[in-house]
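Here are my notes for you, as a colleague looking over your shoulder. Keep the viewer open while you read.

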Amino acid sequence: MLTKNQVVRATIEGYSSEGLGIARVDGQVVFVHRAVRGEDCDILILKVLKNAAFGKVVGVKESSSHRAAPDCPYYGRCGGCDFRHMDYAEELEAKRRRVQDALGRLGGSDVTVEEILGAPIQERYRNKSLYPIAADGTVGFYRARTHEVQTVERCLLQKETADAAANALRQYIETYNVPCYAETTHSGLLRHLFVRTNAKGGCLICLFVNGNKLPCEPELVELLRQNVLSCVGIVLGVNTRKGNAITAESYRTLWGEDTLTDTLCGLTFRLSVPSFYQVNREQAEVLYQKAVEFADLTGEETLLDLYCGAGTITQVMAKHCKRAIGAEIVPEAIENAKKSAAENGVENVEFFCGDAKAVAEKFAADGLCPDVICVDPPRKGLAPEVVDSVCAMSPKRVVYVSCDPATLGRDVKRFAELDYTCTRAAAVDLFPRTANVESVVRLERNGK
């Protein structure tokens, strides 16, 4: 039986969904921080649970050729990156195996993940940055598996404009003694900093606040504008709910625009703060083209896109089908989608605002029979009722874009029970150096 602070030697067999190495000691699974597959390691046991243990590498008998020296001074203190101790080729293989394992073990599918499409650029790729703000005024990122905020002045994943905005906010907090939010007491004002950038370098800034205003707002605006010259707008998001969710009951523009425009797959999109948009623009184009490939459109189909966000996939798919319909629960996102479609001259597209479950049920009840349905749900995947309603519309194909292999595997199994088989699968890396990975699969109706 393993005990805390014990040092054991074991071989790293693979990786967990969080990017931890997996070893086995006397039949017990040990999840190991900063491990590389194939290495024989000395592991310090940090925690022992009933069915597993956690440890960290304290010695390597023979290093893997894939091991690399972490290139970020915050690695291990900040919870943002998981794979900076290995090269990118090994990271991609770990992610491909994760998707393959989820489809087989959880989904019961024998489909092969055809490829993982890696990112040519692995640094400064995030076009959306979210900085939690601690009660003591610390602006940064959470330490792994905690709500403790770690100051990060230069992040290798974020755009430099985001770094600049965070540093300007630190100055504002210190200069004007601004009270920051304490989750335990639900007191204080500043909660989160949001920065969204576009391909041209422009950015939109939002401050989420536990109240209706901030002290010295004109001075805050001036400080942000001086430090972030590419800023096109500064917005205040009112969030008086308890907890640490990044949402807002209302928005107020402090200066400039309340939306940011970006181009994707040759189309222009208008993005408000709450609109969903993939955080890696260049790799999003790769992902969407793979989704178009899996949809196998001829130009004559009706396509339904659930969880359409700002209408990005919907409009990309509309180029290849007769009619495209997008549905999304966020009203601001639907307004963005409608405006973008008009500006792009995409006339064969419609957008509806509503919960995916309710919209899918309504369309099924109304007898809508789309040839292809595309879904791009949040991390929690599809509710069983959504799967039921999708299948009730009897599409020939379902294209499922996923940001969580585990919920994808679960849902693939649900579709199989309703006579839809997973026939193609691929992975696309939108999140280099982190354990997250996007995947896309094609499900086909049996006996179509």
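1. First, some vocabulary: on a 1 Å grid over the protein atoms alone, a pocket is an open set of points where a 1.4 Å probe fits, with protein on both sides within 12 Å along at least five of seven lines, and lining residues have an atom within 4 Å of a point. Grid points are joined across faces, edges and corners, and a volume is the space filled by probe spheres set on the points.

2. Mind the source: this is a predicted model, where local features need pLDDT of at least 70 and side-chain atom pairs pLDDT 80 or more, while totals for chains, interfaces and linings use all residues. Residues are numbered from 1 along each chain as its sequence is written, and side-chain values use heavy atoms, leaving out hydrogens and water.

3. Now the second largest pocket, which holds about 390 Å³ of space. Its lining counts 20 residues, with Tyr15, Ser16, Ser17, Arg98 and Asp101 nearest the centre. Strand E2 (14-15), helix H1 (88-106) and helix H9 (405-417) each give two or more residues to this lining; H1 gives the most, eight. (Helices, H or I of at least four residues, and strands, E of at least two, are DSSP runs numbered from the N terminus.)

4. How many disulfides are there (cysteine sulfur pairs within 2.5 Å)? The structure has zero. Cysteine 72 misses out because its closest cysteine sulfur, in cysteine 81, is 6.2 Å away, too far for a bond. For cysteine 403, the nearest cysteine sulfur belongs to cysteine 374, 13 Å away.

5. Cysteine 403 is buried (under 20% relative accessible area, 1.4 Å probe, protein chains only), at 12% relative accessibility. Cysteine 72 is buried too, at 15%.

Definitions and conventions:
A disulfide is a pair of cysteine sulfur atoms within 2.5 Å. Buried means under 20% relative accessible area, exposed over 50%, partly exposed in between (1.4 Å probe, protein chains only).
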